Amino acid sequence: MRKISLPTPMLRTPTVDPGDTFTAHQEDSLLDTFGRRARDMRISLTDFCNLRCSYCMPEEGVEFMSRDEAMTAEEIIRFVRIGVEKFGVDQVRFTGGEPLTRKDVTDIIAGVAALEPRPNIALTTNAIGLDKRAEKLRAAGLDRINVSLDTVDPETFATITRRPFLNRVLDGIKGAQAAGMDPVKINAVLLPGVNDHQAPELLRWCLDRDLKLRFIEQMPLDAGHSWERGTMITAADIFALLEPHFVLTPDTAPRGGAPAEKFLVASRDDPETIIGDVGIIASVTRAFCADCTRTRLTAEGRVRTCLFSHTEVDLLTAMRGGADDEAIANLWKGAHWKKLAGHGMDSETFEQPQRPMSAIGG
C-alpha cells in the first residue's frame with residue numbers, strides 16, 4: 001500500500017503579545033494574539049434537526065431552544081452586515097442543527113446577498129426538503145452547498161441517523177445540482193464498524209455524479225460524550241481504506257485556510273487519468289488551527305472562537321438591548337482576541353465541550 005506523508009501543521013509565533021489587553025483602538029478586524037484574522041463567518045440558524053445522527057445528537061429527550069431565544073432573520077442579517085463592514089468578512093456559511101427547518105432561510109440568504117460588498121454564501125444541510133427549495137435558495141443568492149451524507153446504503157443510513165430518510169436526502173442532492181449549485185460537496189463521517197468499509201463505494205458514487213466528497217474525522221462533539229480518540233477513524237485510516245481502490249495524489253494548489261487537505265483521484269486501472277478529487281478534514285490528527293480564519297455565532301447569538309471552546313460571549317442580548325454596531329463590534333473583537341492557539345485535543349487536560357455539535361453549529 002502506498003503511503004502518503006504530510007507535514008504536521010505548526011503554530012506560528014504570535015505577532016502580538018498574548019498578555020496585551022484588547023482595546024477599541026485596534027484595527028477593525030477580528031484579530032487574535034496569534035495574528036490570525038477571521039474572515040469566514042459560521043452562523044447556526046437553529047439547534048433543531050430532523051435527523052438524530054449518533055455522533056451528533058441523542059436518540060431522544062432533546063430539548064431545543066425556544067423561538068424567542070434564537071436570532072431573528074433581521075438580527076442575523078445585521079450581524080453579517082457588521083462582520084462585512086467592520087471586519088472584512090467575505091464568506092458566510094449557515095449551519096444548524098438543520099438550517100432548512102427555518103422557514104425564513106431564503107429571506108436570510110437574500111438579505112445577506114444584498115450586502116455591499118457581497119460575501120460568498122454557503123449552506124451546510126442534510127438536504128431533506130432541498131429538492132423543493134433549491135431553485136429559490138439559488139435565486140436568493142446561495143452560492144455553495146455542503147450536504148452531510150455518511151453512506152448511500154439505506155440500512156446503514158437508518159442506523160447512523162436513526163431515520164429512514166435516505167431517498168429524501170438523495171432527492172435533495174439532485175435538486176441542488178438541477179438548480180445549478182456548483183460545486184455540491186458531500187461531508188461524510190466514518191464510524192468504526194458501521195460505515196468505514198463503505199468509504200470506497202461512497203467515493204465512487206460521488207465521482208460518478210460530479211460531487212465533491214470530503215471525509216471528516218469524527219470530533220468529540222457528540223451528545224453522549226462517548227467519543228474516544230483510540231477508536232475513531234483517522235485520516236491515516238481513510239487513506240488505508242481508499243488506496244487499494246484509488247491512486248491519491250496530493251493537490252499542489254494552495255490550501256489557504258481551507259479545512260480540507262485535497263487529493264487528486266485516479267483509478268488503479270488507469271493511474272494517469274485524474275477522475276476527480278477527494279478531501280480529508282483531519283481536525284483531530286492533523287489540526288489546522290494555525291490557519292483558522294473562522295468566527296462562529298450560535299443560534300442564540302453567542303460568539304464561539306472555536307468549536308471546542310468552553311466559553312461564549314453573548315452578542316444578541318447587547319443587540320436587543322439597543323447596542324449600536326460599534327459596541328457590538330467591540331464585544332465581538334474582544335471575544336476573538338482571546339482565541340486560543342489550538343483546540344488542545346493532544347493535551348491530557350482536554351475536556352469535551354458540554355454542548356454537542358447540533359447546539360453549536362458546524
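## Disulfides and cysteine sulfurs

In this predicted model, the number of disulfides comes to 0. Cysteine 49 takes part in no disulfide, and the cysteine sulfur nearest to its own, that of cysteine 53, lies 6.3 Å away. A disulfide would need the two sulfur atoms to be within 2.5 Å.

Cysteine 292 can be treated in the same manner, since its sulfur is 6.9 Å from the closest cysteine sulfur, which belongs to cysteine 306, and this is too far for a bond. With a relative accessibility of 13%, cysteine 292 counts as buried, because buried residues are those under 20%.

## The annotated cysteines

The UniProt record, in an unreviewed entry, places the feature "binding site" at Cys49, Cys53 and Cys56. Cysteine 49 is found in the loop that runs between strand S1, residues 40-44, and helix H1, residues 73-87. Cysteine 53 also belongs to the loop between S1 and H1.

Is cysteine 49 buried or exposed? Its relative accessible area is 12%, so cysteine 49 is buried, and cysteine 53, at 13% relative accessibility, counts as buried as well. Which residues does each of them contact, once neighbours within four places in sequence are left aside? Cysteine 49 is in contact with Met57, Phe64, Gly97, Glu98 and Asn126, whereas cysteine 53 is in contact with Ile160, Thr161 and Arg162.

## Other annotated positions

For "binding site", again in an unreviewed entry, UniProt also lists Tyr55, Gly97, Ser148 and Met219. Tyrosine 55 is found in the loop between S1 and H1, where it counts as buried at a relative accessibility of 16%. Gly97, which appears in this list, is also one of the residues in contact with cysteine 49.

Serine 148 is found in strand S4, which covers residues 144-148. Its relative accessible area of 31% makes serine 148 partly exposed, because that class lies between the 20% limit for buried residues and the 50% limit for exposed ones. When residues up to four places away in sequence are not counted, serine 148 touches Thr124, Thr125, Asn126 and Asn187. Asn126 is thus a contact of serine 148 and also a contact of cysteine 49.

## Threonine 234

Threonine 234 lies in the loop between strand S6, residues 212-216, and helix H7, residues 235-242. At 17% relative accessibility, threonine 234 counts as buried, because this value is under 20%. Not counting residues up to four places away in sequence, threonine 234 touches Glu217 and Thr285.

## The second largest pocket

Rolling a probe the size of a water molecule over the atoms shows where empty space is left. The second largest pocket holds about 410 Å³ of space. How many residues line the second largest pocket, and which of them lie nearest its centre? Its lining is made up of 16 residues, and those nearest the centre are Thr46, Arg67, Thr101, Arg102 and Lys103. By character, the residues of this lining divide into 7 nonpolar, 4 polar and 5 charged.

How values were computed: Residues are numbered from 1 along each chain as its sequence is written. This is a predicted model: local features need pLDDT of at least 70, side-chain atom pairs count only at pLDDT 80 or more; totals for chains, interfaces and linings use all residues. Side-chain values use heavy atoms; hydrogens and water are left out. UniProt positions are given in the numbering used here, feature names are shortened, and annotations may be inferred rather than shown by experiment. Helices (H or I, at least four residues) and strands (E, at least two) are DSSP runs, numbered from the N terminus. Buried means under 20% relative accessible area, exposed over 50%, partly exposed in between (1.4 Å probe, protein chains only). Contact means heavy atoms within 4.5 Å. On a 1 Å grid over the protein atoms alone, a cavity is a set of points where a 1.4 Å probe fits but cannot get out, and a pocket is an open set with protein on both sides within 12 Å along at least five of seven lines; lining residues have an atom within 4 Å of a point. Grid points are joined across faces, edges and corners, and a volume is the space filled by probe spheres set on the points. Ala, Val, Leu, Ile, Met, Phe, Trp, Tyr, Cys and Pro count as nonpolar, Asp, Glu, Lys and Arg as charged, and the others, Gly among them, as polar.
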